[in-house]
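Visitor: I would like to learn how to read a few features of this structure, beginning with its strands. Please take me through them one at a time.

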Amino acid sequence: MRDARPREVLSTDVLVVGGGAAGLAAAIAAARRGRSVLLLERYGFSGGAAVAGLSGTICGLYTASERRNAGPEQVVHGFVDEFLAVMEAKGGLTDPVQYGRTFVRVHDPLVWREASDHLLSAEGRVRVLYHATVTGVIAEGDHVAGVEVFTKQGPIEVRAKLTVDASGDADVAAMAGRALTKGKDGAIQNPTMIFRVLGVDMPRFLAAHGPDSILGERVSHLISDLNASGAYTLPRAKIFLFPTPRPGELLCNATRIVGRDGRELDATRAADLSEAEIEGRLQVREYARFIRDHIEGCEASFVNDTGVQVGIRQSWQIVGRERLANDDVTSARKRPDGICRSPWPIELHSGEKPKLHWILDDYYEVPLGCFLPATGTGLLMAGRCLSAEHEAMASARVTAQCFGYGQAIGLVADHLCDDPFATPPSGADIRAALNALGAQLN
């Protein structure tokens with residue numbers, strides 16, 4: 001039976017589905033070009049994986065280096081600088097925190113929500129609908145003309161000149177029948193339930209473990225031994241603990257969630273995603289017990305919160321007009337149509353220890369074609385659902401880059417609003433426009 005409630009019909013120049021880093025940047029970039037923008041977000045706040053998934057760090061800003069005493073060197077700029085400034089002004093961001101050979105910024109997810117609201121409300125052309133879930137696509141042949149939406153007031157039909165899929169999972173592209181890929185040979189990166197603990201004696205913790213948020217081999221060996229003894233159930237031995245902007249708090253990236261049958265769980269499958277949520281919460285309690293019992297300075301710690309949902313590293317990806325290759329990443333390839341830099345390592349999470357392939361003192365560039373579906377019109381992609389090989393995606397998916405992708409795609413959407421069936425602008429043209437906005441790509 002169809003929904004008997006009245007159906008509202010809305011129209012906009014640019015529709016953005018998903019309010020994460022990419023969706024936020026895309027919406028604001030298009031609005032600043034004078035376009036009317038409607039942003040749909042299924043939660044009651046913006047932030048995507050950074051907030052709902054509690055990823056907790058803005059990764060991908062800084063180069064990696066083995067040079068002793070090399071400080072953070074930022075190579076990614078543009079809209080992300082504006083977002084960082086708002087977060088800093090609101091007290092929601094740490095200074096750079098060491099992560100192996102590079103650095104990250106750790107954020108307060110509550111402040112992220114407020115920063116997003118602030119930036120969106122400052123743009124008079126952006127309308128935001130929270131608690132809005134896309135349920136279908138309005139298609140005219142192979143052209144996406146908008147979406148159908150579920151809200152608490154009833155169904156809404158949104159007509160748009162351009163639709164930006166910033167859902168993270170390529171939801172709109174999947175509904176529209178665009179060609180997609182997922183993982184490698186059936187394997188995908190496993191989800192993680194990230195959590196925070198309070199009550200940490202931070203000076204003691206840092207004195208014992210140093211500034212690197214990737215805890216050392218002593219802790220990894222202890223986890224392996226305790227897990228083997230049956231004293232704990234700790235499937236991942238290498239854990240990451242980040243001091244946050246709040247006193248006495250650590251952000252804990254520690255869990256490794258696999259299915260009861262040993263499979264890597266697939267977040268695009270309803271049963272797998274549900275199982276991941278349950279298993280993730282169980283692992284949080286077990287790792288929190290280990291941290292309290294065995295990590296110096298954490299003897300009085302307790303779980304503050306977990307992600308609203310399990311953190312998803314990988315799901316559907318678009319088949320684009322171009323594909324980011326593994327060799328593009330490992331060779332630090334630069335290109336004239338690159339619309340975003342990335343110095344982030346290939347970060348594969350499987351087994352006891354995540355595997356990191358570092359890009360030292362360098363970066364690669366991601367071409368615009370990775371966000372343009374290979375077929376059809378009316379739909380653009382932004383965020384981690386870009387067209388990329390499995391290992392390349394494990395580098396290109398992180399937060400700073402998603403801000404860059406979103407800003408670029410917002411400019412593409414503006415260009416196409418006057419004729420959605422026209423040839424998209426070149427990557428070189430968008431790169432030039434981004435540089436004019438402070439992206440510093442040249």
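Visitor: In what sense do β4 and strand β5 pair, and over how many bridges?

Guide: Strands of a sheet pair through backbone hydrogen bonds, either parallel or antiparallel. Here β4 and β5 (residues 102-106) pair in the antiparallel sense over three bridges, where pairing requires that DSSP finds at least two bridges between two strands, and Phe103 in β5 is the bridge partner of Gln98. Helices (H or I, at least four residues) and strands (E, at least two) are DSSP runs, numbered from the N terminus. This is a predicted model, in which local features need pLDDT of at least 70, side-chain atom pairs count only at pLDDT 80 or more, and totals for chains, interfaces and linings use all residues. Residues are numbered from 1 along each chain as its sequence is written, while side-chain values use heavy atoms, with hydrogens and water left out.

Visitor: What is the strand order of the open sheet?

Guide: The order of its three strands is β3-β5-β4, with antiparallel pairing; β3 (57-58) and β4 (97-99) are the edge strands, each pairing on one side only.

Visitor: Which sign does phi have at His131, and where is this residue placed?

Guide: Most residues other than glycine have a negative phi. His131, although not a glycine, has a positive phi of about 55 degrees, and lies in the loop between β6 (126-130) and β7 (133-140). His131 is exposed, with a relative accessible area of 52%; buried means under 20%, exposed over 50%, and partly exposed in between (1.4 Å probe, protein chains only).

Visitor: How many residues of helix α1 are buried?

Guide: In α1 (residues 21-31), 11 of its 11 residues are buried, including Leu24 and Ile28.
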